[in-house]
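Reader: Hi, could you walk me through this protein? I'd like to start with the overall picture and then get to the pockets.

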Amino acid sequence: AAYAPYASGANASTLPGTDGKITVNTSNQPTTTEQEKVDYIHATGAKADKDSPTVSFTDNTAAGGSDCSFKHKMARLKLVLKTSADAGFSVDEVKSGTYVLRGLKHEGTFDTTTGTAEAASTATTVDGWSVSNNCPYTDTNNQRTYTMILYPQTVSGPLPFTATINSQNYRNTTNIRFDNNKLLPGTSYTFTITIKKTGLAVSGCTIDGWSNSAGGNGNAEMGN
């Protein structure tokens with residue numbers, strides 16, 4: 001098995017964290033570089049032996065083999081923010097706004113041996129997590145997209161979302177919801193939110209399989 005990003009143990013023969021479980025908080029991921037530190041991937045099933053010591057974590061199902069490729073173990077959430085000419089705001093005003101999401105747990109663990117990522121059962125939800133301060137974004141086609149990497153978890157219901165533009169708050173408490181209230185591993189969720197002076201209009205959720213990362217190769221050193 002293999003995983004990334006790598007975390008070192010006390011020495012080469014010691015698993016990282018507690019018996020291979022790494023504890024990480026996902027609340028602060030303001031750049032893509034910081035976000036990559038919590039975007040755990042895991043692969044298993046690749047084999048090697050003394051005569052063929054190269055380990056190849058790739059999908060070989062097309063050739064009748066097994067899928068040993070790396071897979072995302074966290075969940076991804078995208079919030080696409082946009083406005084229109086008749087909504088009362090300019091695109092620049094929306095881009096300069098601040099945005100808060102509630103109802104998520106950010107404390108949890110990633111098990112390097114099994115590839116299981118999960119929010120801690122004892123963790124409390126964060127009431128007032130600033131998406132605009134803690135998540136990277138991209139600007140395309142007159143809209144802003146915030147992306148966040150989250151632990152798979154069960155939420156209590158719709159996630160309350162607040163936009164603050166020109167010192168005025170706009171809230172939505174009903175439409176950012178997930179099937180069975182679950183964020184699933186290896187799954188990407190996208191919500192499009194139209195910012196209007198009369199309120200926030202949230203479209204239905206788009207759910208995609210999160211594309212796997214490219215496979216990796218490594219040399220296996222066989223013991224005596």
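**Contacts, sheets and pockets**

Author: Happy to! Among contacts in the protein with a separation of 6 or more, 68% are between residues 24 or more positions apart. Bear in mind that this is a predicted model.

Reader: Good to know. What does the secondary structure come to?

Author: The protein has 3 helices and 20 strands.

Reader: And what does the C-alpha trace span along its principal axes?

Author: About 70 × 40 × 30 Å. Of the 224 residues in the protein, 40% are buried.

Reader: Let's do pockets, then. What volume does the largest pocket have?

Author: The volume of the largest pocket is about 220 Å³. Its lining includes Tyr 3, Tyr 6, Asn 11, Leu 15 and Pro 16, and also Thr 112 and Thr 113.

Reader: How many charged residues are in that lining?

Author: The largest pocket has no charged residues in its lining, which divides into 6 nonpolar and 6 polar.

Reader: Nice, and what about the volume of the second largest pocket?

Author: That one comes to about 180 Å³. The lining of the second largest pocket has 3 charged residues, along with 5 polar and 3 nonpolar. Glu 36, Asp 39 and Lys 78 are among the residues that line it, as are Gln 35, Tyr 137 and Ile 149.

Reader: Which elements each supply at least two residues of that lining?

Author: There are a helix and two strands to look at: α1 (32-36), β11 (137-140) and β12 (143-150).

Reader: Switching to sheets. What order do the strands have in the open sheet of 3?

Author: The order is β2-β8-β9, and the pairing is antiparallel. At the edges are β2 (21-25) and β9 (117-119), each pairing on one side only. On average, neighbouring strands of this sheet are turned by 25° against each other, direction ignored.

Reader: How many bridges are there between β2 and β8?

Author: β2 and β8 (residues 107-111) pair over 5 bridges, in the antiparallel sense. Ile 22 has Phe 110 as its bridge partner in β8, and Asn 25 has Glu 107.

Reader: Which side chains along β2 are buried?

Author: Ile 22 and Val 24 are buried and point to one face of β2, whereas Lys 21, Thr 23 and Asn 25 point to the other and are not buried.

Reader: Just before that strand there's Asp 19. Is Asp 19 buried or exposed?

Author: Asp 19 is exposed: its relative accessible area is 67%, and the cut-off for exposed is over 50%. Asp 19 is found in the loop between β1 (2-4) and β2.

Reader: How far apart are Asp 19 and Arg 76 in space?

Author: They are 26 Å apart, C-alpha to C-alpha, and 57 residues apart in sequence.

Reader: Okay, back to sheets. What's the order in the open sheet of 4 strands?

Author: In that sheet the order is β10-β7-β14-β15, with antiparallel pairing. Its edges are β10 (129-130) and β15 (168-172), and each has a single partner strand, so one side of each is left without a neighbour in the sheet.

Reader: How many bridges join β7 to β14?

Author: 4 bridges join β7 (residues 98-101) to β14 (residues 161-165), and the two strands run antiparallel. Leu 101 has Phe 161 as its bridge partner in β14.

Reader: Thanks, that's what I was after!

Note on methods
Residues numbered from 1 in each chain as written. Predicted model: local features only at pLDDT ≥ 70, side-chain atom pairs only at ≥ 80, totals over all residues. Heavy atoms only, no water. 1 Å grid on protein atoms, 1.4 Å probe; cavity = no way out; pocket = protein on both sides within 12 Å on 5 of 7 lines; lining within 4 Å. Points joined across faces, edges and corners; volume = space filled by probe spheres on them. Nonpolar A, V, L, I, M, F, W, Y, C, P; charged D, E, K, R; others polar. Pairing = 2+ DSSP bridges. Axes fitted to C-alpha atoms, helices over the stretch in contact; angles between N-to-C directions. Buried < 20%, exposed > 50% of the residue type's maximum accessible area, 1.4 Å probe, protein only. Contact = heavy atoms within 4.5 Å.
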